[in-house]
Structures are given as structure tokens and as C-alpha cells.
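Hi,

Here is the structure we talked about. Please open it alongside this note, which goes through the charged pairs and then the chain as a whole.

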Amino acid sequence: MHRIFQKFIDLLAVAESPAEFSMAIAAIAEALDLSSFAYLALPRSPLAKPVLISTYPLGWTSHYLQNNYQEIDPVILDALRSPEPFRWGIGVDARPHSTAQQKLLHEASQHGIRLGFTVPIHDGHGAIAALTFAADQRGAAFERCTSAHARVLQLAAMYFHAHVRRTLFNEGAIDGVRLSRRELECLMWASRGKSAWETGRILNLSRNTVAYYLENAKKKLGVRTIAQAVARLAAANKTKQN
């Protein structure tokens with residue numbers, strides 16, 4: 001299990017896109033023979049959209065988001081109530097559901113999502129998320145795996161959410177322009193007077209790689225020089241503090 005978790009951490013450390021994050025959690029899911037997973041982070045404001053990283057069928061995830069199912073999904077509602085991992089689905093959850101919820105669960109089952117193990121994530125930053133490992137039928141192997149590795153899966157969910165939040169949420173945005181984690185790190189060290197070579201030593205990157213990230217940051221921010229990009233970063237940080 002240590003080797004599997006280390007591979008997950010290594011993939012997570014370099015992930016900068018939803019597809020790369022999906023590969024990281026898939027390293028654990030596949031090693032434990034967990035067929036599919038979904039990470040859903042609820043928006044912090046009514047105008048924002050949820051963040052969904054999943055190996056569920058695309059037709060289902062698109063339908064789910066288009067219909068704002070996260071607002072009535074009994075799994076998500078349970079995740080909001082408690083930080084403890086839980087199982088749900090066929091033979092597990094016998095509680096009554098509303099007509100809309102029954103429709104949601106029926107549609108999910110048609111896409112092979114009939115039961116699962118969900119880890120709620122309450123991170124103290126206003127973000128609520130959940131990582132679910134799902135299956136299409138009840139089986140001893142799935143139950144044994146989620147029971148034996150419940151705490152490992154919970155720890156993986158926490159690590160996963162922390163990296164996703166830092167990389168894909170608005171923490172990496174400057175005046176609405178989202179920078180990748182590496183672009184932001186390189187720009188931050190540049191703001192502290194570090195050269196590309198010095199930043200590379202700090203972040204364990206080559207000088208050329210640091211220069212590449214800084215160039216990307218300049219292009220995204222629409223500026224010509226590193227000094228101008230640093231000024232944008234400083235102004236954005238000052239605005240957040242106010």
C-alpha cells in the first residue's frame with residue numbers, strides 16, 4: 001500500500017490539469033480494483049460552478065451538472081452533514097428519498113453507479129467536497145477493500161482536495177486570470193527577487209523550466225516583463241488582504 005500511495009503523491013505533485021489529477025487518483029483506484037470514482041467540489045458562491053473530476057460516464061456527468069443534481073443528490077447532502085466516510089446504495093441505504101432524488105438515483109444506476117463509498121471533505125476554507133468510489137453492483141471485494149483501506153482512502157481524498165484547491169480553484173487567479181501552481185510559484189519567487197536559476201534551485205526545476213513558467217505567466221496576464229507580472233501579483237494580493 002505504501003508503494004501505491006507514494007505513486008499517488010508523486011503524480012499529484014506534478015498535476016496541473018483535471019486530466020492529470022484524474023490520473024493521480026486512478027493510481028489508487030486501479031491498484032485497489034475500485035472501478036470508478038468522482039471528486040465533486042461544491043462552489044463557494046451561487047455564481048460559481050462545481051468542480052468535477054471523474055471517471056464516470058461523460059453522458060452522466062454532463063447530465064448531472066446541467067441539472068444541478070448536486071443540490072439534491074442524497075450522497076452529497078450526507079457529505080455536507082458529516083466529515084466521516086460512509087457507504088451508500090443498494091442494500092445499504094433504506095431511507096426514503098424524494099421523487100426527484102429517486103429519479104436521480106435511477107438515472108445514476110442506468111450508468112452503472114449503484115453503490116459507493118464516499119469521503120466527505122470539510123477543509124475549513126469554505127469549500128465542501130466529496131470523493132466517491134462507486135460500483136455497479138454489491139460485492140464482497142468492494143466492501144472488503146473500502147473497509148480495509150477506509151483511512152487510506154480518506155487521507156488520499158484530503159491530499160487530493162488540497163492540491164486541486166490550490167491548482168484549479170481561484171487561489172491561483174490574478175484579476176480573474178488563472179495561473180497554474182508552478183506559474184504562480186515561479187512568479188512568487190520572482191517577486192522576492194529570485195532569479196530563474198535561484199528559483200529553480202528552490203523548486204528543484206531547471207532554469208529553462210522556470211523561464212518557461214514565467215513566460216506563460218506573462219502571456220496569460222498580458223504583460224511584457226516579469227516586473228509587470230510581479231506588480232499584478234502584488235496588486236491582487238493587496239486586494240485579497242483588503
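Lys103 is partly exposed, because its relative accessibility is 44% and the partly exposed class runs between 20% and 50%. Keep in mind that this is a predicted model. Lys103 makes a salt bridge with Glu107. The closest N and O atoms of that pair are 2.7 Å apart. Both residues sit in helix α5, which covers residues 99–110. They are four residues apart, so about one helical turn separates them. Glu107 is buried, at 13% relative accessible area. This bridge therefore joins a partly exposed lysine to a buried glutamate.

Next, helix α10, residues 207–221. Lys218 and Glu215 both lie there. They are three residues apart, about one turn of the helix. Their side chains meet in a salt bridge, with 3.1 Å from N to O. Which partner is buried here? Lys218 is, with a relative accessible area of 13%. Glu215 is partly exposed, at 33%.

The third pair is Arg151 and Glu84. Their side chains form a salt bridge at 3.4 Å, N to O. This one links distant parts of the chain: the two residues are 67 apart. Arg151 belongs to helix α7, residues 150–168. Glu84 is in the loop between α4 (74–81) and β3 (86–89). Arg151 is exposed, with 54% relative accessible area. Glu84 counts as partly exposed, at 41%.

As background, side chains of opposite charge can pair when their charged atoms come close. The structure holds six salt bridges, and the pairs above are among them.

Now the chain as a whole.

- Secondary structure: 11 helices and seven strands.
- Extent: the C-alpha trace spans about 60 × 40 × 30 Å along its principal axes.
- Burial: of the 242 residues, 45% are buried.
- Contacts: take those between residues at least 6 apart in sequence; 62% of them join residues at least 24 apart.
- Surface: the chain exposes about 13000 Å², and carbon and sulfur atoms supply 53% of that.
- Charge: there are 28 positive and 20 negative charges, and their mean positions are 7 Å apart.

If you look at one thing on screen, take Arg151 and Glu84, the pair that links helix α7 to the loop between α4 and β3. Then compare the two pairs within helices: Lys103 with Glu107 in α5, and Lys218 with Glu215 in α10.

Best wishes

Technical notes. Residues numbered from 1 in each chain as written. Predicted model: local features only at pLDDT ≥ 70, side-chain atom pairs only at ≥ 80, totals over all residues. Heavy atoms only, no water. Buried < 20%, exposed > 50% of the residue type's maximum accessible area, 1.4 Å probe, protein only. Contact = heavy atoms within 4.5 Å. Areas by Shrake-Rupley, 256 points an atom, 1.4 Å probe, with all protein chains shown as cover. Lys, Arg positive; Asp, Glu negative; His and termini not counted. Charge placed at Lys NZ, Arg CZ, Asp CG, Glu CD. Salt bridge = Lys/Arg side-chain N within 4 Å of Asp/Glu carboxyl O.
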